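Work through the exercises below with the structure open. Each task is followed by a solution in steps.

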Amino acid sequence: MTAIWTSRIAVFLGALLLFLVQPMAARSLLPWYGGAPMVWAVALFFFQAVLLGGYLYAHLLVTRLAQRRQAVVHAAVLAAAALLCLPPLAGPDWAPVGGEAPAGWILLTLVVTLGPAFFALAATTPLVSAWVAQATARRGNDEPAPDVYRLYALSNAGSLLGLVLYPLLLEPLLGLVGQARLWSAGFVFLAVLMTLSGLLSRQGAGSAGSSGQPGTAHFHPAAFGLAAVGSLALVAVTTHLTRDVAAVPFLWIAPLALYLVTFILAFRGGDPYPRRVLVPLLLTSVAACFYVWFRDITYGFESALFAHGAAALAFLFTGCWITHGEIAKRKPEPSRLTGFYLSMTAGGALGGLLASIGSPLLFPNVWEYPLALVLAVVVAFSVARPASGAARSLAWKAVPATTLGIAIAISALEHRRPLSATRNFFGVVRVMEAYPGTPDWRRDMWHGGIAHGSQWFVPGRRREPTLYYYEGTGIEAVLNRHPHRRLVRPLRVAVVGLGTGSIAVHGRRRDLFRFYEVDPQVVQAARDYFTFLTDTPAEVEVVLGDGRLSLLREERAGDEGFDVIVLDAFAGDAIPVHLLTAEAFDLYRDRLAPGGTIAVHISNRHVDLAPVIRAQALRLDLLSLLTVSEPDAELFHYTATWVLLSLNTDLVTDPSVLGRAEPWTGNAAEPDARYLWTDDHSNLLDVLR
């Protein structure tokens, strides 16, 4: 009894630590690499690759060594990992000297600072499961499999808890240093548990591996393929919801949580999944996904996020439960357990990598989402197909074929209209053209489901500002009512976030507008399909790379300060936290010329960043104003919320500027310490609307 409970705690804790360290390690790199999606994509690749390596190591250990040696070797691996990686955060020596999000350096940093510890943790579930299977077999138990495979369900329960605990508890309460120390203590405790589990389970062990046939490898093609489909569906649904519909903070948690729940249900023991119920539900959810998709691209949805989310998450839950249930139905005898887990993990890694890394290289648009819908139906109607007659067999084949046809038709319908569509690791950028040759001729830039700029193309209106930059907005007031204008002096303006370059319409002769943009396809689209950058009389420069890192490099090079620094990287709903920390605002303050102003665009449907900006203003003793401009659909004006932080008393007391200000209310009136974000500590939960 002691041995099995020790094993259960070790499996649960190992999975918990795995899911706690992933966001912690990746988040620690954001200030160095600009918080770009590439950081997360590269980190995901690292975690999947090392997880697969850990499962391979466990498989080789169990099949190549006698059990008494397995425990000794793994104890040594855990000890070495603790010495090399605790605490699991990169020190300042790993900070890059220059360059934008170098994938190789990110990988090297993670490999050296976290790799050994993550590798040792990844082996926990297959290794402990094999030890339990060996101990159970020696006791002569005729039905060891259910107890052993329930450990996999327990492992996923630990992963689910880690997924929830990090954003809800660990991140709000502790900074990165505190998180790393707590995690290190958990790792040491796990190392002790693993050593104890190995010692308890090896009592009476013989000289062979788990099967008595050391060196035997067992590959399971079905588990590999099914796991790949489930993993691809997870990443595809997450990408669809967070990039193409709305990048709501924490929305990525829901798909992953459901994915883990389906593993728990499939491996809990008993019937892996209720096929008669789930297959019809899968078809219903897939049909709902197609309907919402079609309706949104043809007529639009007022509650697009809810409709897409409900349909896509229902599909993911039913599809992954079927897929993982079929994997559980094929689980072998416990002596072949590690090879089975290795096959499943390899399939999951392949599916995830195809969706996260391969798709941007293979597909010009987000086609992995309809591909996931089709593959799930194929699985349900082929792998999980019951025996039947010829007529039913024909109908069974017709359903996947029909699903494929619908997916192709709707994909073609969605992507027929763009003037341009390009894709890379940052997402899909589309340029849409509406009503060409008419008085309403307009071009729009979309990044996923978010508008990043718009321009009228009828004669005489090309320099008319739209969206968030029109007459009456905070940014317009800063640029056109700046004291330099009265003195006929040029402005030096730094803009973090390019979009279409709309802000340049407020430029005047001899002004300098320097844009910082991390996504090269946005720069290309702004130059090829919009004319803001060429129409303005101001001098325009575009710097490719993260704004914070670029400003830091320029400061070190002795570059001249700016009269206005514009932070316009938040309108897309994905929050680059590294641009809002105390360290970032210290940099902005240093880069301001005497009497300079920082203008922060915080229009956002899902988070309220006003308390965060206000807290930084109070810390730096900057004057601060909140401006909110009302929308006008006919003129294509959106609700625009800007926060102005200034060293210039003349600017913020100008009647035309002060008259647009609104009183600070709610948490922004007197923001407490939780809103004073730093590179070490921030919490998006505090600013959710």
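**Exercise 1.** In this predicted model, determine whether α5 passes α8 in a left-handed or a right-handed crossing. Then classify the angle and list the contact residues.

*Solution.*
- Step 1: handedness. The crossing of α5 with α8 is left-handed.
- Step 2: angle. Helix α5 covers residues 115–122 and helix α8 covers residues 176–201. Their axes come within 12 Å and cross at roughly 45°.
- Step 3: class. Angles under 35 degrees count as roughly parallel, and 65 to 115 as roughly perpendicular. α5 and α8 are therefore oblique to each other.
- Step 4: residues. α5 brings A117, A120 and L121. α8 meets them with W183, F187 and L190.
- Step 5: chemistry. The contact of α5 with α8 has six nonpolar residues, no polar and no charged ones.

**Exercise 2.** Repeat the analysis for α1 and α4. At what angle do their axes cross, and which residues make the contact?

*Solution.*
- Step 1: angle. Helix α1 (residues 2–33) and helix α4 (residues 103–113) have axes that come within 12 Å. These axes cross at roughly 140°.
- Step 2: class. Roughly antiparallel requires an angle over 145 degrees. α1 and α4 are therefore oblique to each other.
- Step 3: handedness. α1 and α4 form a right-handed crossing.
- Step 4: residues. From α1 come A25, L29 and Y33; from α4 come W105, I106, T109 and L110.
- Step 5: chemistry. Six residues in the contact of α1 with α4 are nonpolar, one is polar and none is charged.

**Exercise 3.** Trace the open sheet of eight strands. What is the strand order, and which strands stand at the edges?

*Solution.*
- Step 1: order. The strands run β7-β6-β5-β8-β9-β11-β10-β12, with mixed pairing.
- Step 2: edges. β7 (539–544) and β12 (661–662) each have a single partner strand, so one side of each lacks a neighbour in the sheet.
- Step 3: one pair. β6 (residues 512–517) pairs with β7 in the parallel sense, over six bridges. F515 stands opposite V542 in β7.

**Exercise 4.** Place two helices against this sheet. Which strands does α20 touch, and which does α21 lie across?

*Solution.*
- Step 1: α20. Helix α20 (residues 547–556) packs on the sheet and touches β5 (492–496), β6, β7 and β8 (562–567). The direction of α20 makes about 125° with that of β6.
- Step 2: α21. Helix α21 (residues 582–591) lies across β8, β9 (592–601) and β11 (640–646). α21 runs at about 135° to β9.

Conventions:
Residues are numbered from 1 along each chain as its sequence is written. This is a predicted model: local features need pLDDT of at least 70, side-chain atom pairs count only at pLDDT 80 or more; totals for chains, interfaces and linings use all residues. Side-chain values use heavy atoms; hydrogens and water are left out. Axes are lines fitted to C-alpha atoms, for helices over the stretch in contact, and angles run from 0 to 180 degrees between N-to-C directions. Helices (H or I, at least four residues) and strands (E, at least two) are DSSP runs, numbered from the N terminus. A crossing is left-handed if the near helix is turned anticlockwise from the far one by less than a right angle, and right-handed if clockwise. Contact means heavy atoms within 4.5 Å. Ala, Val, Leu, Ile, Met, Phe, Trp, Tyr, Cys and Pro count as nonpolar, Asp, Glu, Lys and Arg as charged, and the others, Gly among them, as polar. Two strands pair if DSSP finds at least two bridges between them.
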